[in-house]
Amino acid sequence: MDPWYRGVRHLMSSPAGVRENGPTLIHFEFGKGTLETVEGFEPAFQAEIIHGADYLSFNSDDKQAHIDVKAIAETKDGAVINFPYHGIVTLTEPVLNLFNMDPKGKTIPFGASTNTHYFHSGAEKLKGLEYMTFIGNSRMILNEETKALQVETRISKVVPATGME
């Protein structure tokens, strides 16, 4: 995999409660954050997250939750990027402490969630993103002063396997 992106977003939650089909759903809204490529990745860009929503569905066994994010960012030169992604978060005690705003909650390292990412843009210079496959992994950061929750994600482009001929 080739690393290409680092992003941070700030979350606010709105519990939707237990759904008819069983899982509990929580809606996290985010509208502040960054989306930028790492040095050497093409097409290179820096963008600000304009709006996003994370619909987190907790499995009834409380061991995992499913991530369903839909978000939009705008580059410094005005190109708009739609970036949905899906994933799984393992509901360890430290993760649940963060989600429940427990006083024991603290920043947790990368690996709490894994994700598949997609990028779409009408900007010609970013069109190539639509033909690439990306996977990611996230950590959750607790701001000790404000107790605000942030998610930082590292994403890599999937490249052909080698050494297996």
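Student: Are Phe28 and Phe99 buried or exposed?

Tutor: Both Phe28 and Phe99 are buried. Keep in mind that we are reading a predicted model.

Student: How many aromatic pairs does the structure hold, and how should I read one?

Tutor: There are 5 aromatic pairs. In general, two numbers describe such a pair: the distance of the ring centres and the angle of the planes. For Phe28 and Phe99, the centres are 5.9 Å apart and the planes meet at 40°. An angle between 30 and 60 degrees is called tilted, so this pair is tilted. The pair also links distant parts of the chain, with Phe28 in strand E2 and Phe99 in helix H1, 71 residues apart.

Student: What kind of pair do Phe119 and Phe134 form?

Tutor: That one is edge-to-face, with 5.3 Å from centre to centre and 85° between the planes. Phe119 sits in the loop between E8 and strand E9 (120-121), while Phe134 belongs to strand E10, so the pair ties together parts that are 15 residues apart in sequence. Phe119 has a relative accessible area of 2% and is buried; Phe134, at 1%, counts as buried too.

Student: Which residues form one aromatic cluster with Phe119 and Phe134?

Tutor: Phe41 and Phe83 join them in that cluster.

Student: Let's turn to the core. Which residues have the most contacts inside the largest nonpolar core?

Tutor: Val89, Phe99 and Met140 do, in a core of 36 residues. Several elements each supply at least two of its residues, among them strand E2 (24-30), strand E7 (85-90), helix H1 (93-99) and strand E10 (134-142). The most comes from E5, which gives 5 residues.

Student: Which residues are in contact with Val89?

Tutor: Leaving aside neighbours within four places in sequence, the contacts of Val89 include Leu56, Ile67, Val95, Ala112, Ser113 and Met140.

Student: Ser113 is on that list. Where is Ser113 placed, and what is around it?

Tutor: Ser113 is in strand E8 (residues 108-117). Its relative accessibility is 4%, so Ser113 counts as buried. Setting aside neighbours within four places in sequence, Ser113 touches Ile67, Ile88, Val89, Gly136, Asn137 and Ser138.

Student: And the surface? Which residues form a nonpolar patch there?

Tutor: Ile50, Ile72 and Val80 form one, with about 230 Å² of accessible area together. Take Val80, which lies in strand E6 (residues 80-82). Partly exposed is the class between 20% and 50% relative accessible area; at 42%, Val80 therefore counts as partly exposed.

Notes
Residues are numbered from 1 along each chain as its sequence is written. This is a predicted model: local features need pLDDT of at least 70, side-chain atom pairs count only at pLDDT 80 or more; totals for chains, interfaces and linings use all residues. Side-chain values use heavy atoms; hydrogens and water are left out. Patches are made of residues with over 30% relative accessible area and no salt bridge: like charges are joined within 9 Å, nonpolar side chains (Val, Leu, Ile, Met, Phe, Trp, Tyr) within 5 Å. Accessible areas come from the Shrake-Rupley method with a 1.4 Å probe; for residues, only the protein chains shown count as cover. A salt bridge is a side-chain nitrogen of Lys or Arg within 4 Å of a carboxyl oxygen of Asp or Glu. Helices (H or I, at least four residues) and strands (E, at least two) are DSSP runs, numbered from the N terminus. Buried means under 20% relative accessible area, exposed over 50%, partly exposed in between (1.4 Å probe, protein chains only). Contact means heavy atoms within 4.5 Å. A nonpolar core is a set of buried Ala, Val, Leu, Ile, Met, Phe, Trp, Tyr and Cys residues joined through side-chain atoms within 4.5 Å. Rings of Phe, Tyr and Trp (its six-membered ring) pair if their centres lie within 6.5 Å; planes under 30 degrees apart count as stacked, over 60 as edge-to-face and the rest as tilted.
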